[in-house]
Every structure is written in C-alpha cells, then in structure tokens.
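Please open the model in your viewer and keep the sequence panel beside it. The tour below goes from one selection to the next, and at each stop it tells you what to look for.

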2 protein chains.
Amino acid sequence: MSKLYAVIMAGGAGTRFWPASRPDRPKQLLPLAGQPGEPLLAATVRRILPICPAERILVVTANHLTAAMRAALPDLPAENFLSEPAPRNTAPCIGWATATLARRDPDAVVMVLPSDHFIADEAGFRSAVLEAAALTKSCAIATIGITPTRPETGYGYMEKGALLGGSAFEVKRFVEKPDRARAETYVTSGQYLWNSGMFFFRARAMSDMIGKHLPELARGIASIDRAAAAGNEAAELARVFPTLPAISIDHGVMEKADGVAMVAGNFGWSDVGSWQSSWELAAKDTDGNAAPPNAVLIDARGNLVSDLSSHPSGRVVALVGVHDLAVVITDDALLVIPRERAQDVRKALEALHDRKV
Amino acid sequence: MSKLYAVIMAGGAGTRFWPASRPDRPKQLLPLAGQPGEPLLAATVRRILPICPAERILVVTANHLTAAMRAALPDLPAENFLSEPAPRNTAPCIGWATATLARRDPDAVVMVLPSDHFIADEAGFRSAVLEAAALTKSCAIATIGITPTRPETGYGYMEKGALLGGSAFEVKRFVEKPDRARAETYVTSGQYLWNSGMFFFRARAMSDMIGKHLPELARGIASIDRAAAAGNEAAELARVFPTLPAISIDHGVMEKADGVAMVAGNFGWSDVGSWQSSWELAAKDTDGNAAPPNAVLIDARGNLVSDLSSHPSGRVVALVGVHDLAVVITDDALLVIPRERAQDVRKALEALHDRKV
C-alpha cells in the first residue's frame, strides 16, 4: 500500500497579525489559536503525526525562515525542510516538493497542507484526510471542502458534483471569492464548500499534470530533480527556482485538471485570518476576555490580550473599563485596536512603512 | 537681608500613576507634565533656581528614595538631601528641615514646596513666591492660594480676609475638602482660594510655633538638633524620628497660628492628580493625542500614551480606532484605561495587592 506524505507550505509572510507577525516571525510561527504557546505550524504537524510519521513530513519555507522553522519543529529530520530561494507561489513549491518525495518513494501519496490554520476537531480532521488520501486511487486530485458557517467573502468556494461515496463528491467547479449576495446563496444552497487549500494526490499524478498544464514549470523542476539525484541540488535550485513561473496550484493545475474530488469536512476549521478570529478561537473568561492568567481585568469585557514579548510573564497587563479591544505587545511594539477593526492593522503597518521610506 | 531657602517635600509615594509610579519610583520622579522627560521634582527645583540657588535647596525624602532623588537632582549638594527614617507626616518633616537650616543660618526664610506639582507660568509663580516670602517679615506663616478654576472637591480651600497689599490677604479660615455644592459657592464667591500646600516662614518663627503648639515634636527635634550640632545626627535621628507625632503642618500649626497670610496666585497650577490631568497638561496633536513622536495614530483621538519603560524609543505604540484612552507602558506592566476613569487605577493596584496576599 502506498505511503502518505505531507508537504506543509510554510513560506507565507502575513501582515494581519502585526505587531506579532514580522518578516522573520510570520503567522505560522505564532501561537494564535488552540493550545496556549503552541505555534500554528507546530499544531499543524502534531495533528497529522498519528497518520503521518515525522520522517514523512516535509516543510517548504523561505531561506531566511528555515532556522526558525527547524527550531519550532525539533522532531522533524533536518533534510525535511526545503528552502525556496525565492517565493514563486504554490505551483513551483508543490512541484519541487513532489519531485523530492518521488525520488524517495515513487508511489508516494502526498497531502499538501497550509501551515497556519486552526482545527478544533483533530480526530474528525484526520478522518477527512484519510478519506481524501484514499480518493487519490481513483481521482487526479482530492481536496477537503469546509462546510461554510457564514457567508464569507474572503474564501474561494467549490460546488459539489456527484456523490462519490462517504463524504466525497466530485468538484463541479471552483468559484473565486464571491460578493456578499452570492456568498449567501452559496451557504443557503448547501451545494458549496469553502476551499481549504489542502490538496491530495499521487506524486506521479501531480508530475503528469504539471507536465501537461505547466510544461515550463515541469522542465525547471526536472532540471532541479536531475541535479538533486546527482547530489548537486543547491546550485541548480538557486539558479533555476527563481525563474520558475509564479503561479498558484489552483490556477495552474486544479482548475484545469479532470477528476477533482473533495471530501466535505466539518471539523471546526479556521484560517485564523485576524486578531478578531484569534479571539474567537481563544479560551475566554466569563467576561469574554482572552488574556494571560496574570492579567488584571476590571470592568473589562470581550478583550484579547496577546503578549508575545520575550518575557511575557514578567509583565502585568491591566485593562480597566475597556471593551472588545485587541491589545498586542511585543518587545518593540504595542498595538491597541478594537477587535472588530482588526483588518485595519494593515493601516498601522502601512504608516510604519511610509515612515521608513 | 535674610536669605531665602527651599525645603522640597519629596517623600510621597502616590498610587494614582500606576504602573508608572511605584514605591521606589514615586510620582515626583516621573515626567508627568511640562517638559518632555523632566521629572516633576526636577521641574520644581529648576523653577526656583532663579530666586534660590542650589546650595539653599533641601530635599526631604524617604531613606529608600534618597539615591534616586540625588540622581534626579545632580546639581544639589549631597548634604542637602534629608532622609526620613520613617514617614511621620509633614510637621516632623518641616520641623526637622527647619532646624537643619537654622543651624546653617538662624535668619533663614524658608519656603516649603511640594515636589510633584505643575506650574505653567513659572515667572508668575516666582513673583508670588517672592511676595509670600516678603510677608514673613510681618506674618508668622504665609502661603500661596490658587485662584480656583472649577468647583474641585479634592482640595482644601482658604477664605480671604483683609487685603494686606499687592496680592496678599489675611487667611480668614481654612476649609477642609468641601462637597460639590459648597465648592460651587466658594468658586462663585471669589472669596476662596485653593490651598496649594506651599508655606513660607522664618526658621525662628516656625521653631517658636512648633514649641507652642506641638511641644512633644519640639522636644524630639531639639534632641536631633543637639546631636547634629555634635556631629552625631544619624543615630539620634534613627532613634527619635520614628517616635515623633505624625501630624500635618496644617492641623498641627497653620490652623492654630495667629497671623497667617496668603498670596493669591494665578499661574496655571495643577497638582497633577491623575493620568487625566497629565493628559490635560501635555502637548497634544490636532487630534488631541499626547503620544511619543514615533507613535502610529490612525483614527485615534484624545489618547494619552506614556511609555516609561527602559527603552521607550525602541517600541512603536500603534493606536487604531481608539479614543480617549490612557495607555501606560513600563518594563513590567501595561495599563489601558479610559482617561475619564483614571481614578480607577487604584482598583487595578488593589487587585494586584490582593493577589500577592
């Protein structure tokens, strides 16, 4: 039986969690949801360990983040961290990782997972993963669709086709981020699921699809693959990878492929998109405050306090008479913003960038 | 002509500026109003230097604060810092400081000043001081009364008696903190001034008054004074001072004395009683924010940002969409509170104390 491998895409930067997230400490390295202190990346790995041992988990990230990624995942073999010389979107990332796995195991079944999401029901998630992995016997690509809980306009949707058995359906079509009205009809219809950004495929099938739909990418990856087989990957990677076409796996392969299937998942998924969402997922006291245990909260309701400085236990945060704020502290910054305006974090970041120009 | 000396009372603790104020860093050591970065104590000294040279300025403080006081006032002679072995209210403090000055100069004219107030019109203040000092030729004690600008219930008032010339009046009577209705009639009448806590007297006259009204205190001070004259003050001070009657100069002397005069002052005085008051006195941008120059303020109005940590310039404070807050940062604490609830700072402090019990 084919073995299941994981490719965790951990190259993202992310600006919506400033001041906690920084170029050298992106969102996936932050404990923004779930177990206190556990980075989203570490939770991503921990969740799949029961069905995918550490030696079969690859992490693809950026050169300058590799050391931090290794530190966050000390149980993964050093050679399982792939460092992209330049960001080229998801198709080159997945193509390269797939070629790397195919050299180790030509029969590999691969799951590609984002590194910065939250999942409440981890056993339910693993069931969906195994169901999606099994679909790769008969389908070119499988994915997991999330049963929508609100008319979200920030996600892509997938329309259900024929039932394939269990919780699996054909994907009839992909839909880009819809407007509010359309999102509402999607949710009401019960026929649309959120695109979770998780993909499942046989390594061989993905190589074939890239060869068919993205021949230029296929040539570049083949060149890197040959160099790797000859023990000389680094130089060729540095030369070729930055020239690969920067295209997403969705646009480059998924939407062109025949036989895309999806498993309908309902396991408490969130992409943890903002401080608001981090608050929603956090453990809260009876006044709705998500704050460190030593915080002083007086007539304070619905606040999120996140202390990501070097010595958070050395600081007491006192909120008196304030409501529904996000208060975020790091060694070099402090942000105070109403939770519901969390998307305006980018305005603060833009103001800082303007200043430095 | 008699020389003018200053006794600055700097032993206070103060809890209304938590987390900035601490037992070892009381309010008078903080830059809460006026020139950026200048502690209130340093401003108190700087204001009087044109009329009272450094060698004639005494600072009375607590043992554990003496080093910090000296550091804040490097231009004052080391022997001008008097350290109380125990807090015994203002009468023992003033009695001891007066005896100390009388040994140096039996004809000394003494002004006693709080160390933690703000004054906008410093030249106007110095004029009032000189007028009050001159009154000590004919009056036992002079004080400065502040023309009230609002029906404040947190201050004592003094009723004007006969005009003595210039801006000077007899004090007809002292009134304890009034209720709101009475404070309003006081302000409307134009006959009442705020008690500023500044006193002016000849050293000899104060010794006589303490001898008459507080004989027990007079005996203790005489004993310390004899030891000091013999070069052995420290041991006697440690033995006697903690046993002195803990009474205020107001109750113990002022209210019993004959011939108390006051100068009516109108020089932009504030006792800087809370973060609200610190905001009122601070320089503000067009949106009413008083914040460090590197702060990021987006749709933020009327906020006070005070960074009293060790390296404030190393931290960016970003406020997005919040209004009328006080945000105070220190190395070990962060406070967020609506300005208008500034008096509730003590609740945060109580909660912290309860926790430590």
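Which residue of β2(B) is the bridge partner of B:Ile8? To find out, select strand β1 of chain B, residues 4–9, together with strand β2 of chain B, residues 57–62, which run parallel and are joined by four bridges. The partner of B:Ile8 is B:Val59. Keep in mind throughout that this is a predicted model.

**First stop: a covered strand in chain B**

Keep β1(B) selected and add strand β4 of chain B, residues 109–114, which pairs with β1(B) in the parallel sense over six bridges. One of the residue pairs to display here is B:Tyr5 with its bridge partner in β4(B), B:Val110. As general background, strands of a sheet pair through backbone hydrogen bonds, and they do so either parallel or antiparallel.

Now show the side chains of β1(B) and ask whether this strand is mostly covered or mostly uncovered. Six of its six residues are buried, and the strand is therefore described as mostly covered. B:Leu4, B:Ala6 and B:Ile8 point one way from the strand, while B:Tyr5, B:Val7 and B:Met9 point the other way, and the residues of both groups are buried.

**Second stop: chain A as a whole**

Hide chain B for a moment and colour chain A by secondary structure, which comes to eleven helices and 16 strands. The radius of gyration of chain A is 21 Å, close to the 21 Å that the globule rule gives for 357 residues, so the chain is as compact as a globular protein of that length. Along the principal axes, its C-alpha atoms fill a box of roughly 60 × 50 × 40 Å. Of the 357 residues of chain A, 47% count as buried. If you take the contacts in chain A between residues at least 6 apart in sequence, 64% of them join residues at least 24 apart.

Next select A:Gly190, which you will find in the loop between α5 (180–189) and β9 (192–202) of chain A. Is A:Gly190 buried or exposed? It has 10 C-beta neighbours inside 10 Å, and because a residue with 12 or fewer is classed as exposed, A:Gly190 counts as exposed. Draw a distance from its C-alpha atom to that of A:Asp332, which lies 142 residues away along the chain, and the viewer should show a separation of 46 Å.

**Third stop: where the two chains meet**

Bring chain B back and select the contact region, where 27 residues of chain A are in contact with 27 residues of chain B. On the chain A side, β12 (296–298), β14 (316–320), β15 (325–329), β16 (333–338) and α11 (345–356) each supply at least two residues, and β16(A) gives the most, with six residues. If you colour this side of chain A by class, you will find 20 nonpolar, two polar and five charged residues.

How are the two copies related? A rotation of 180° with 0.1 Å of shift along its axis superposes chain A on chain B, with an RMSD of 0.1 Å. The copies are thus related as by a two-fold rotation axis. To locate this axis, select A:Val336, which of the residues of chain A comes closest to it, at 4.4 Å for its C-alpha atom. Since 100% of the interface residues of chain A are also interface residues in chain B, the copies meet through the same surface.

**Last stop: sheets built from both chains**

Select β14(A) and strand β16 of chain B, residues 333–338, which run parallel and are joined by four bridges. In β16(B), the bridge partner of A:Val316 is B:Ala333, and that of A:Val317 is B:Leu334.

Widen the selection to the open sheet of five strands, whose order is β12(A)-β14(A)-β16(B)-β15(B)-β13(B), with mixed pairing. At the edges stand β12 of chain A and β13 (304–307) of chain B, each with a single partner strand, so one side of each is left without a neighbour in the sheet. The twist averages 5° from one strand to the next.

Finally, select another open sheet of five strands, with the order β13(A)-β15(A)-β16(A)-β14(B)-β12(B) and mixed pairing. Within it, β12(B) and β14(B) run parallel and are joined by three bridges, and B:Ile298 stands opposite B:Val320 in β14(B).

How values were computed:
Residues numbered from 1 in each chain as written. Chains lettered and ligands numbered in written order. Predicted model: local features only at pLDDT ≥ 70, side-chain atom pairs only at ≥ 80, totals over all residues. Contact = placed C-beta atoms within 7 Å. Nonpolar A, V, L, I, M, F, W, Y, C, P; charged D, E, K, R; others polar. Pairing = 2+ DSSP bridges. Axes fitted to C-alpha atoms, helices over the stretch in contact; angles between N-to-C directions. Buried ≥ 20, exposed ≤ 12 C-beta atoms within 10 Å, placed from the backbone. Least-squares fit on C-alpha atoms with pLDDT ≥ 70 in both. Rg over C-alpha atoms; globule rule 2.2 N^0.38 Å.
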